[in-house]
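Please open the model in your viewer and keep the selection panel at hand. The tour begins at the ligand and then moves on to a pocket.

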Amino acid sequence: MTGNTLLMALDPGTTKGAAATERLDELTTLLRAKGHRVTTADSAVDATAVITARADLAAALISWELPGGSDGKGESGRPAEAVLRALMDRFSPKLPVFLVARDSGQDDLPLWIAEIVNGWIWLLEDTPGFVAGRVDTAARHYLEDMLPPFFRALRHFEDAHKYSWHTPAHAGGVAFLKSPVGRAFHDYYGERLFRTDLSSSVGELGSLFEHTGPIGDAERHAAKVFGADHTYFVLNGTSSGDRIVIQACVPQQAAVLVDRNCHKAINHGIILSGARPTYLRPVRNGYGLTGPIPPERLTAESIREQVAANPITDGGDAGEAGTMVYAGITNSTYDGLCYDAVRVAELLGTSVRNLHFDEAWFAYARFNPLYERRYGMAIDEQTMPTHAQRPTVFTNHSTHKLLAALSQSAMIHVRCSPDHEFDRHRFNETFMLHASTSPLYPLIASNDVAAGMMSGSGGRWLTTEAITEAVRFRQAIIRLGRRFQASGERPPWFFGAWQPPEVIDPKTKKPVPFDKARLELLVTTPSCWTLAPGASWHGFEKMEKDYCLLDPVKVSITCPGVDATGRVDKGFGIPAKIVTAYLGRRGIVVEKTDAYTFLVLFSMGITKGKWGTLLDALTDFKRAYDTGADLVDVLPDLVRAHPDRYGHLTLPALCAQMHQALAVSGFLTLLNEAFTKRIDQVMSPGEAYQLLITGRAGLVRLDELREDHVVVTQVTTYPPGIPVLMPGEKVGPASAPLRSYLSAMEAFDRKFPGFESETHGIHPDTDGTYRLTCAEK
Ligand SMILES: *Cc1c(COP(=O)(O)O)cnc(C)c1O
């Protein structure tokens with residue numbers, strides 16, 4: 001057993017006197033000898049700090065007479081009660097807790113405490129050896145008990161040190177030791193990784209394909225934790241998970257509904273299944289951020305119209321209610337917008353049998369009441385009583401993305417419907433179609449551990465911490481602006497966060513400026529974060545009250561130049577690309593950069609130091625801008641790479657040039673139009689794919705594209721990172737916004753070397769001209 005911590009929070013009265021001191025010393029020595037770390041605290045404040053900091057706590061000894069400590073104000077009841085409550089919020093109720101008593105006064109013990117404590121300890125009466133034995137045994141049981149099923153079994157298996165005669169041939173790592181290169185690899189990772197890299201022929205650990213043994217137990221445990229009827233561990237990311245769900249639901253050639261704002265894995269599933277998609281279009285705002293698909297585009301009537309208007313579907317495809325086989329929605333969006341998933345199911349349930357939420361970024365939603373109704377597994381008999389058509393719901397989580405797990409760990413969750421059958425054996429055939437027959441057991445363990453971490457009070461505690469830090473940061477960035485304003489001598493602050501400028505306190509019904517709102521109000525009140533219809537801060541049209549919520553942990557930092565309604569400041573602007581290039585130099589890597597916003601994630605790994613450093617770097621950027629710093633000092637690598645282009649410029653001059661090219665010239669308007677205009681579909685993505693792999697397609701230069709050229713691969717530009725063209729779509733007339741947008745982007749790339757747009761499906765020619773893969777004529 002590696003070290004764990006025992007907390008002893010004792011009041012000075014208990015530890016006073018020679019006899020007590022001696023016994024306490026003896027007890028501590030004995031516990032240390034048994035391999036525990038002993039941490040002491042002499043007040044409730046002190047003890048609570050230890051509880052927050054130490055996830056490795058294995059038992060706690062708390063004096064019932066523990067004093068509060070310096071700021072133990074406002075708490076009712078005994079300080080010891082607050083400590084016990086903190087323990088229960090943070091740890092499982094199985095954590096051994098012993099109350100330490102000075103006298104026999106336990107009549108005032110509240111019942112809930114009597115229920116959770118493992119017993120009393122009288123320091124002067126029980127022998128130290130007896131107490132140490134009890135605490136040690138309880139701690140060991142707890143450390144074993146709290147582990148989720150597969151990880152627990154894997155540890156036991158590894159402890160048994162068996163000889164293996166099966167693959168992998170490195171045989172617990174031994175093969176690596178016979179080569180200098182292999183040896184370096186073995187030393188780097190350590191023995192344990194190799195000892196737990198096992199073959200699926202190890203029967204004791206169960207089967208990923210038959211969902212038996214400890215692996216099956218782990219999937220069933222995860223199902224309980226994430227609120228699913230069935231859970232499948234997927235070891236090749238949501239990339240595989242998406243393809244599995246689509247192939248399991250969609251027969252060849254079927255008509256389906258797909259969020260246009262989807263990950264390419266969804267498109268791959270569509271290709272594999274040969275489906276004929278009708279794309280559901282989300283709304284967009286002035287920043288170019290992608291919003292949700294508005295409810296009016298999800299009604300049965302609207303779906304019928306959209307499907308009927310699609311040239312690659314036929315009349316019968318959306319004819320009867322509930323007959324379409326599949327709809328796929330991205331939830332939350334990359335920018336952190338989450339749907340009222342129950343409302344989406346109510347709307348789409350009349351059109352489709354299977355509703356798939358791609359929640360690759362949203363696995364934590366179930367663990368905080370802030371996200372009530374916002375995730376696929378929230379759709380059940382309570383939220384959606386059976387009188388309405390309830391689709392079978394699939395949810396995909398990339399466990400590795402925003403929970404703690406190794407890359408590629410993912411899960412598929414299924415919520416069965418009373419109206420449509422879900423056949424596990426049938427589904428499993430598709431599951432196996434996409435799985436390797438040699439699963440990596442540490443990945444299975446990491447999925448299991450991710451579920452274990454979120455079970456019980458853990459999920460609430462971890463999500464609350466991330467939300468709280470995000471809200472603190474969001475308030476701090478505004479307060480910083482107020483300080484610049486108050487100082488009077490400096491030019492005004494120009495960064496912000498994309499969020500409502502004020503929120504309504506439900507108690508007082510009065511609006512409060514965002515940065516003045518109580519932390520607790522913002523951390524716990526969903527209505528502070530929902531996109532109210534018509535509110536200008538979000539800039540989206542067609543919103544319905546409570547339909548969409550901005551997730552506080554996904555923070556879009558705004559730069560000056562445009563606003564959410566699309567209004568352009570002609571005189572002043574700072575494109576986000578320049579800011580994030582500067583942050584990159586400072587060792588701060590952001591999640592994504594849009595035109596005038598960039599995204600940072602407040603995941604469970606957040607620390608105050610991390611966001612403090614970001615604010616500090618933004619302040620430094622501003623000073624460089626205000627003082628007209630030379631670009632060579634701000635972005636030296638850029639200037640070194642392109643001295644003729646940038647050597648003579650200052651930071652403000654580059655900002656002005658790029659702002660002119662992006663916003664003032666109307667580029668953003670083009671982008672917006674390119675993504676909202678319907679594009680002609682000529683064939684299904686699967687048919688386009690057939691042309692690609694049989695060599696009936698080739699690269700065509702943007703300046704040579706004819707109106708009837710059809711692309712055979714997906715074309716995605718960043719920002720916004722959603723497909724501008726899907727396979728099988730016509731590029732359309734030269735005058736169309738799509739072509740003007742691509743030309744403007746190409747011109748931007750030529751003009752700003754070092755800031756080239758990230759694109760997928762576009763291959764620049766030697767002279768920089770974009771080329772698209774199109775079907776041969
Ligand atoms: C990342 C992502 C995927 C793919 O997930 P991986 O776990 O990286 O394979 C699918 N869908 C969405 C929406 C994603 O963001």
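**The ligand and its shell**

Select the ligand together with the residues that surround it, each having a heavy atom within 4 Å of it: Gly-237, Thr-238, Ser-239, Asp-242, His-263, Thr-330, Asp-358, Ala-360, Trp-361, Ser-398, His-400 and Lys-401. This is a predicted model, in which local features need pLDDT of at least 70 and side-chain atom pairs count only at pLDDT 80 or more, whereas totals for chains, interfaces and linings use all residues. Residues are numbered from 1 along each chain as its sequence is written, and side-chain values use heavy atoms, with hydrogens and water left out.

Next, display the polar contacts (pairs of N or O atoms within 3.5 Å). A polar side-chain atom of Ser-398 lies 2.8 Å from a ligand oxygen atom, one of His-400 is 2.7 Å from a ligand oxygen atom, and for an N or O atom in the side chain of Lys-401 the distance to a ligand oxygen atom is 2.9 Å. On its own the ligand has 380 Å² of accessible area (Shrake-Rupley method, 1.4 Å probe), of which the protein covers 85%.

Now colour α11 (237-249) and α15 (399-402), the elements that give two or more residues to the shell; α11 gives the most, with four residues.

**The largest pocket**

Finally, select Met-146, Leu-147, Pro-148, Phe-151 and Val-449, which are the closest to the centre of the largest pocket among its 49 lining residues. Helices supplying at least two lining residues each include α6 (128-145), α7 (149-159) and α17 (441-454).

Technical notes
On a 1 Å grid over the protein atoms alone, a cavity is a set of points where a 1.4 Å probe fits but cannot get out, and a pocket is an open set with protein on both sides within 12 Å along at least five of seven lines; lining residues have an atom within 4 Å of a point. A polar contact is a pair of N or O atoms within 3.5 Å; within protein, one must be able to donate a hydrogen and the other to accept it, and residues adjacent in sequence count only if both atoms are side-chain atoms.
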